[in-house]
Amino acid sequence: LPRDRALDSIAQKGFVKPRTIIQIPRTNDFLVVDMGGWSPNNGRLFLLKPSQKGPYEIKLLKFPLDSPHGLALGPDGYFYVGEKTQISKFKYYNNQITDWQLVIGNIPRKEGFMHPLSQFTFDPRNGDLYINSGSPSDHCIVHGAGNYKTCPEVEAQGNGAIYRIPGQKLMSLPAGGIKFFEVVAQGLRNSMAMVIHPSGNLIQGENSRDFPELEEPYEEINVI
């Protein structure tokens, strides 16, 4: 069976496309997001915990999610998860998910989007949230024998960028999530790794072109 399609996403006990794992503080348990393949609404959130029958066992916590990727513990004590067009947060207490809230639900996306995964990071100094919005194409659109038309990155506003949401706005979320975000960087292909350096600089890992060259151009680490 293709790995991009889970036959029964609810009953399936194994991982299909696991993306991010984080440890639950003060426990030996972990949360894991699994895309479930590239088909929409096949993603899942799992609990990974020690088992008496073996090293670890997994328990399904939430289904469905739409292409989940980013997963982190926020400075406000909530767990944050990034889906294709949105980021949500939730509490995990007594083996249950509680207080699930939409943080932002209007992440710009273009039809036929090629890089839809939402990665994000927090600024530990003030709780600001930085969000990746990948470019719509791999390296523009090729027509015929290598001729390029205008890159959709130029035309698709808000893509190939990094957004910022001030930390104080995460403390009291409006109904329907936050509508405001600031564009702090543009002209990026796909920021699949981000972290705030102790100096305060945003460090970005650039997921570079996939094809036709398999090894060039090289991936990059940039200071934004």
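Which residue forms a salt bridge with E182, and how far apart are the closest N and O atoms? Select R164 and E182 and you have the pair: their closest N and O atoms are 2.7 Å apart. Keep in mind as you click around that this is a predicted model.

**Stop 1: around R164**

Colour by strand for a moment. R164 sits in strand β13 and E182 in strand β14 (residues 182–186), so this salt bridge ties together parts that are 18 residues apart in sequence. E182 has a relative accessible area of 30%, so it counts as partly exposed.

Now add D128 to your selection. R164 forms a salt bridge with D128 too, with the closest N and O atoms 2.7 Å apart. Here R164 comes from strand β13 (residues 161–165) and D128 from the loop between β9 and β10 (129–133), so the contact joins parts that are 36 residues apart in sequence. Both R164 and D128 are buried. Show the three side chains together: D128, R164 and E182 are linked in a network of salt bridges.

Why would such side chains pair up? Side chains of opposite charge can do so when their charged atoms come close.

**Stop 2: K89 and its surroundings**

The structure holds five salt bridges, and another one to look at is D76 with K89. Draw a distance between their closest N and O atoms and you should get 3.0 Å. D76 is in the loop between β5 (71–73) and β6, while K89 is in strand β7 (residues 87–93), so the pair ties together parts that are 13 residues apart in sequence. Are these two buried or exposed? D76 is at 19% relative accessibility, so it counts as buried. K89, at 3%, counts as buried as well.

Stay on K89 and bring up Y78. The charged end of K89 sits over the ring of Y78, 4.2 Å from the ring centre. Then select K91: its charged end also sits over the Y78 ring, 4.6 Å from the centre.

**Stop 3: the aromatic rings**

Switch to Phe, Tyr and Trp. The structure holds seven aromatic pairs. One of them is Y80 with F122, an edge-to-face pair with 4.8 Å centre to centre and 75° between the planes. This pair links distant parts of the chain: Y80 is in strand β6 (residues 79–82) and F122 in strand β9 (residues 120–122), 42 residues apart. Turn on a surface if you like: Y80 is buried, with a relative accessible area of 0%, and F122 is buried too, at 12%.

Next, add F120. Its ring centre is 6.1 Å from that of F122 and the planes are at 80°, so this pair is edge-to-face. F120 is buried, with a relative accessible area of 5%.

Before moving on, select F79, F90 and W100. Ring pairs link these three into a cluster.

**Stop 4: the β15–β16 hairpin**

Finish with the backbone. Select residues 191–196 for strand β15 and 202–206 for strand β16: the two pair in the antiparallel sense over five bridges. Where does V195 point you across the pairing? V195 stands opposite I203 in β16. Now follow the turn, where the hairpin has five residues between the strands. Click on G200 and check its backbone angles: G200 takes a positive phi near 100°.

How values were computed. Residues numbered from 1 in each chain as written. Predicted model: local features only at pLDDT ≥ 70, side-chain atom pairs only at ≥ 80, totals over all residues. Heavy atoms only, no water. Phe/Tyr/Trp six-rings, centres within 6.5 Å; stacked < 30°, edge-to-face > 60°. Helix = DSSP H or I, 4+ residues; strand = E, 2+ residues; numbered from the N terminus. Buried < 20%, exposed > 50% of the residue type's maximum accessible area, 1.4 Å probe, protein only. Lys NZ or Arg CZ within 6 Å of the ring centre and 35° of its normal. Salt bridge = Lys/Arg side-chain N within 4 Å of Asp/Glu carboxyl O. Pairing = 2+ DSSP bridges.
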